[in-house]
Amino acid sequence: AAEDALTTLHVSMSLTRLSIRVSSDTGEGVEAHLISVAASMSQKSDGSSSSRLCMGWFWLLDRFKYDFPRRQRLIAHSTLPRSADQYAKEDKYDVLHSLPLSAFDPNYSGNTDLADITLTSKETDSSSFPGTNPFSAKDPLDRNSVSADSILDAQFSSLYLHWNPQAVKVITQAFSNTVATLQDFAEKEQLPHSSIGKVHSSEFLGDSMKSPQEHDEVAFMKRTSMFISAKMKEFEITLDSAKDDMPLFNLTMSDTIMNMLTSRIEDESSTLVSLELGDIRIATPETSQIDPSYRTLLGIAPGQTESLLSVNFSMGEEAVHACGIEKVDLSKCDMCGEITLSPMRLVYIQAQVLTLVEYITQGILGALTAQAASSAAGAAVDIAQSSKGDQFFVVKATGFNVVIPQSASSTDSLKVEAGDLTVNYRGGASGGKANLSLSDVSMMDSKNEKMVNRPMRMTVAVILPPSEIGTIDDRAMRITINFFHAEFLLTRFQYQGI
């Protein structure tokens with residue numbers, strides 16, 4: 001039994017402190033610090049193994065000199081003993097001296113303030129091929145009952161980034177110059193080609209170089225599976241002004257949980273993913289000159305305690321059968337997904353929104369955003385094209401509130417409240433069809449006086465013909481929009497507000 005297995009090998013390593021500084025002759029540069037790293041690996045007599053990596057504190061510090069104000073020099077950091085603003089006061093970044101003394105003790109067991117990652121692997125029994133289907137469990141993503149060969153648990157505390165466009169530009173350029181210098185040095189000092197140090201592929205791969213026929217009976221029937229559970233408490237990006245380095249916006253993602261189960265047998269693979277996101281919040285700092293009730297531009301609606309976003313995605317026949325979407329025929333699908341949004345609130349102050357959009361779409365951040373969007377779109381296309389059957393996706397949103405203030409400091413505003421939004425799509429080689437339904441849309445002012453006689457609703461139907469049929473007209477998208485009864489009743493005050 002696994003509980004009776006003996007530990008045959010145990011290796012542990014620890015690193016008290018790792019500091020790296022890259023600087024010029026004048027002392028300008030960047031320094032990085034990683035404190036308290038512990039790693040261990042255990043092998044048991046039954047063939048199972050476990051590995052663990054713990055990391056304590058991390059920070060990246062900017063030491064360049066600028067001809068513009070530089071208030072915050074912490075570029076990135078984990079949770080530290082004091083806040084980033086406290087370190088920024090009087091430009092004193094004595095993070096090392098603020099850490100507990102026990103962190104530098106040779107017998108210190110380690111700290112997990114940054115990360116705690118564990119990988120466990122079960123024994124492999126060739127007599128049990130092809131193995132148990134991990135998707136057959138009542139809840140395949142239940143960590144306590146999952147039956148995967150390997151289990152990866154990753155827990156991250158918090159990570160903070162402080163983004164100043166001009167500073168990032170200088171640091172990126174300096175990094176590029178450093179890399180180019182190292183490459184030139186490596187090319188100049190490159191040793192003559194020889195066979196020393198070369199490893200022949202047949203020696204390295206060993207038995208894996210055997211002919212496919214020798215492995216057909218085992219390798220082609222072997223099932224491999226892996227379960228990944230990742231949690232992150234908080235990830236925050238502070239977007240600072242390029243003029244005075246003061247914070248403009250805070251982007252926060254909190255309480256994120258992701259579980260993923262993958263399995264492969266022969267040439268068939270299945271993946272089941274569950275993602276829970278507690279909140280995504282875009283807010284202005286407390287020092288901003290706007291009404292406190294408008295500081296959160298986007299986030300979960302006030303008074304809501306549920307997760308903001310829930311995503312379930314399945315790919316592959318076994319995973320689709322275990323996805324749990326009710327009242328839908330998925331017998332012909334090999335890919336499906338369900339997205340659920342809790343009530344959200346958006347405060348639309350035009351100056352703030354335009355500033356945020358310009359910040360995100362311009363400069364280095366804009367290039368990174370565009371690259372990330374392009375990569376995500378390409379990945380989505382690749383996944384869709386890999387599907388052999390139909391795909392089914394459904395989006396459910398339970399309320400979305402938009403607040404439009406007359407001004408950033410005024411308590412007078414207009415409010416648009418939407419009820420339930422449902423979008424479902426089913427498509428495949430024979431084309432696709434999408435349906436959207438929006439109900440209970442109402443408008444009112446800050447005094448809660450209605451601006452519509454009764455809530456509005458609408459439906460949208462989209463038909464996508466197959467791409468290989470007939471003429472261009474035959475392949476054209478068909479859209480049908482139905483808008484049911486809209487009757488506005490405005491007071492003079494409401495009309496002036498609009």
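**Exercise 1. Strand pairing around S9**

How many bridges join S9 to strand S11, and in which sense do the two strands run? Then place the other partners of S9 in this predicted model.

*Solution.*

Step 1. Take S11 first. This strand covers residues 309–315. Seven bridges join S9 to S11, and the two run antiparallel. For the register, use Leu-277: its bridge partner in S11 is Leu-309.

Step 2. Turn to S8. Strand S8 spans residues 247–265, and S9 spans residues 268–283. The two are antiparallel, joined by 15 bridges. Leu-251 is bridged to Ile-282 in S9.

Step 3. Look at the turn. Two residues lie between the strands in the hairpin of S8 and S9. There, Glu-266 has a positive phi near 55 degrees.

Step 4. Add S10, residues 296–300. S9 pairs with S10 over two bridges, again in the antiparallel sense. Here Ile-282 faces Leu-298. Ile-282 thus appears twice: as the bridge partner of Leu-251 and opposite Leu-298 in S10.

**Exercise 2. Cysteines without a disulfide**

Decide why Cys-323 and Cys-336 are not bonded.

*Solution.*

Step 1. Recall the chemistry. A disulfide is a covalent bond between the sulfur atoms of two cysteines.

Step 2. Search the whole structure. The count of disulfides is zero.

Step 3. Check the distance. The cysteine sulfur closest to that of Cys-323 belongs to Cys-336, 3.4 Å away. The cut-off for a disulfide is 2.5 Å. The pair is not bonded because 3.4 Å is too far.

Step 4. Check from the other side. For Cys-336, the closest cysteine sulfur is that of Cys-323, at 3.4 Å.

Step 5. Add the surroundings. Buried means under 20% relative accessible area. Cys-323 has 16% relative accessibility, so this residue counts as buried. Cys-336 has 1%, so this residue counts as buried too.

**Exercise 3. Aromatic rings**

Find the aromatic pairs and describe the geometry of each.

*Solution.*

Step 1. Choose the descriptors. A pair of aromatic rings is described by the distance of the centres and the angle of the planes.

Step 2. Count. There are two aromatic pairs.

Step 3. Describe Phe-64 with Tyr-66. Their centres are 6.4 Å apart and their planes make 50 degrees, a tilted pair. Both residues are buried.

Step 4. Describe Tyr-66 with Phe-68. This pair is also tilted, with 4.8 Å centre to centre and 40 degrees between the planes. Tyr-66 has a relative accessible area of 17% and is buried. Phe-68 is buried at 13%.

Step 5. Join the pairs. Phe-64, Tyr-66 and Phe-68 make up one aromatic cluster.

Step 6. Note a ring under a charge. The charged end of Arg-457 sits over the ring of Phe-484, 4.2 Å from the ring centre.

**Exercise 4. Confidence**

Locate the element with the lowest mean pLDDT and the one with the highest.

*Solution.*

Step 1. Start with the chain. The mean pLDDT is 82, and 89% of the residues score at least 70.

Step 2. Compare elements. Helix H4, residues 201–205, has the lowest mean, 41. Strand S4, residues 74–78, has the highest, 94.

Step 3. Mark the weak stretches. Across residues 193–210 the pLDDT is below 50, with six contacts beyond near neighbours in sequence. Residues 212–220 are below 50 as well, and that stretch has six such contacts.

Step 4. Read with care. Where pLDDT is low, the predicted coordinates should not be read in detail.

Methods
Residues are numbered from 1 along each chain as its sequence is written. This is a predicted model: local features need pLDDT of at least 70, side-chain atom pairs count only at pLDDT 80 or more; totals for chains, interfaces and linings use all residues. Side-chain values use heavy atoms; hydrogens and water are left out. pLDDT is the predictor's confidence in each residue, from 0 to 100. Helices (H or I, at least four residues) and strands (E, at least two) are DSSP runs, numbered from the N terminus. Contact means heavy atoms within 4.5 Å. Buried means under 20% relative accessible area, exposed over 50%, partly exposed in between (1.4 Å probe, protein chains only). Two strands pair if DSSP finds at least two bridges between them. Rings of Phe, Tyr and Trp (its six-membered ring) pair if their centres lie within 6.5 Å; planes under 30 degrees apart count as stacked, over 60 as edge-to-face and the rest as tilted. A charge sits over a ring if NZ of Lys or CZ of Arg is within 6 Å of the ring centre and within 35 degrees of the ring normal.
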